[in-house]
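Welcome, and please open your viewer. We will go from one selection to the next and see what is there.

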Amino acid sequence: MNILFLSDTHAQHRRLASLPRADMIIHGGDVSGRGAEGDVMDFIDWFCSLDCRYRIFIAGNHDFHLERTSASTIQRLLHGNAYYLCDSGIEIEGLKFWGSPISPFYHNWAFNRIRGQDIMRHWALIPDDTDVLITHGPPAGILDLTAGGVHAGCEDLLQTVRRIRPRYHLFGHIHEAYGKFSTHTATFINGSVLDFNHQPANRPVIIRLKK
C-alpha cells in the first residue's frame, strides 16, 4: 500500500500543488489556522474529495473546533472511506492504525496535556499491535528540534513508542523539524508541509507499506 503523509496545513490545504497518487492519505493534524469551524469544514470537504482509496486524519493543537466537537459527530460528516481518529484506531487491509491529537501542554492550545501522568493516560490507550502510529506531536529527541534550539517532543511518548514498536510513527507539529529518521525499531516521519513561517515549503511523504 502506498501512503501519502502530510501534516500542519493550517487552512492552506488548497494552496498545495497537485498531490502524488496514493492508496491512502494521512494528515497529522493542525488542519486549521486558529481552530475556526469554517476552516475545519473546508478541510473536510477538500480531504474527502481527494482521489485515493482511504483517508485518515487527526486533529492538532490549533484545531479548537475539533476539540469542542465529538469524534462521532466529525465522523458522520465524512464520506468515501474517510476516517477521523481521536485516541482511536482502525484496521484497513490488515494494517492497524492509531491516531491521537494530544501534545504536551504549551500556552493552553487545543488537545494539550501536562507531561507525566496526565499525558500518559492517552499514550496508554495505544494498542501494542499498532502498525502505524499517528500523533500530532513528536517523541522526545526525534525530529522535534525547534528554531529556538529546544527539543519539544514528549518523553512519555518516546517510551511508549519504544515499548509498542510500531512500524511507522507519523507526526508533525514542529514545522522546522520536517524529515525522516529510522531506527532498528521504527521509522519516524515529521510531515509538516509548512515551514516555520507557515509557508508551503515541504512535500508530502510517500510511504510504501507492505502488509
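## A stop in a loop

Start by selecting Leu-16, which counts as buried because its relative accessibility is 18%, under the 20% cut-off for that word. Keep in mind as you look around that this is a predicted model. Leu-16 sits in the loop between E1 and strand E2 (24-27).

What does Leu-16 touch, leaving out residues up to four places away in sequence? Show Leu-6, Thr-9, Trp-46 and Val-193, and you have its contacts. Now add Ser-72, which is 56 residues from Leu-16 along the chain; the C-alpha atoms of the two are separated by 28 Å.

## Strands E1 and E13

Next, select strand E1 (residues 2-6) together with E13: the two pair in the antiparallel sense over four bridges. To find one bridge, pick Phe-5 and look across to Val-205, its partner in E13.

Stay with strand E13 (residues 205-208) and colour its two faces. Val-205 and Ile-207 make up the covered face, while Ile-206 and Arg-208 are on the uncovered one.

## The six-stranded sheet

Now move to the open sheet, where six strands run in the order E5-E6-E9-E10-E12-E11 with mixed pairing. Which strands stand at the edges? They are strand E5 (88-92) and strand E11 (179-182); each has a single partner strand, so one side of each has no neighbour in the sheet. Turn the view along the sheet to follow its twist, which averages 15° from one strand to the next.

Within this sheet, select strand E9 (residues 132-135) and strand E10 (residues 168-171), a parallel pair held over three bridges. Click on Ile-134 and then on Leu-170 in E10, its bridge partner.

## The helix on the sheet

Add helix H5 (residues 155-164), which packs on the sheet and touches E9, E10 and strand E12 (187-190). The direction of H5 makes about 170° with that of E9.

Which residues of H5 are buried? Show the side chains of Leu-157, Leu-158, Thr-160, Val-161 and Ile-164. These residues lie on the same side of H5, because they cover an arc of only 165° around the axis. An α-helix has 3.6 residues a turn, so residues three or four places apart point the same way.

Bring in helix H4 (117-123) as well: the buried residues of H5 pack against H4, E9, E10 and E12. For a last stop, select Arg-165, which follows H5 and has a positive phi, near 55°.

Conventions:
Residues are numbered from 1 along each chain as its sequence is written. This is a predicted model: local features need pLDDT of at least 70, side-chain atom pairs count only at pLDDT 80 or more; totals for chains, interfaces and linings use all residues. Side-chain values use heavy atoms; hydrogens and water are left out. Two strands pair if DSSP finds at least two bridges between them. Axes are lines fitted to C-alpha atoms, for helices over the stretch in contact, and angles run from 0 to 180 degrees between N-to-C directions. Contact means heavy atoms within 4.5 Å. Buried means under 20% relative accessible area, exposed over 50%, partly exposed in between (1.4 Å probe, protein chains only). The arc is that of the directions from the helix axis to the C-beta atoms.
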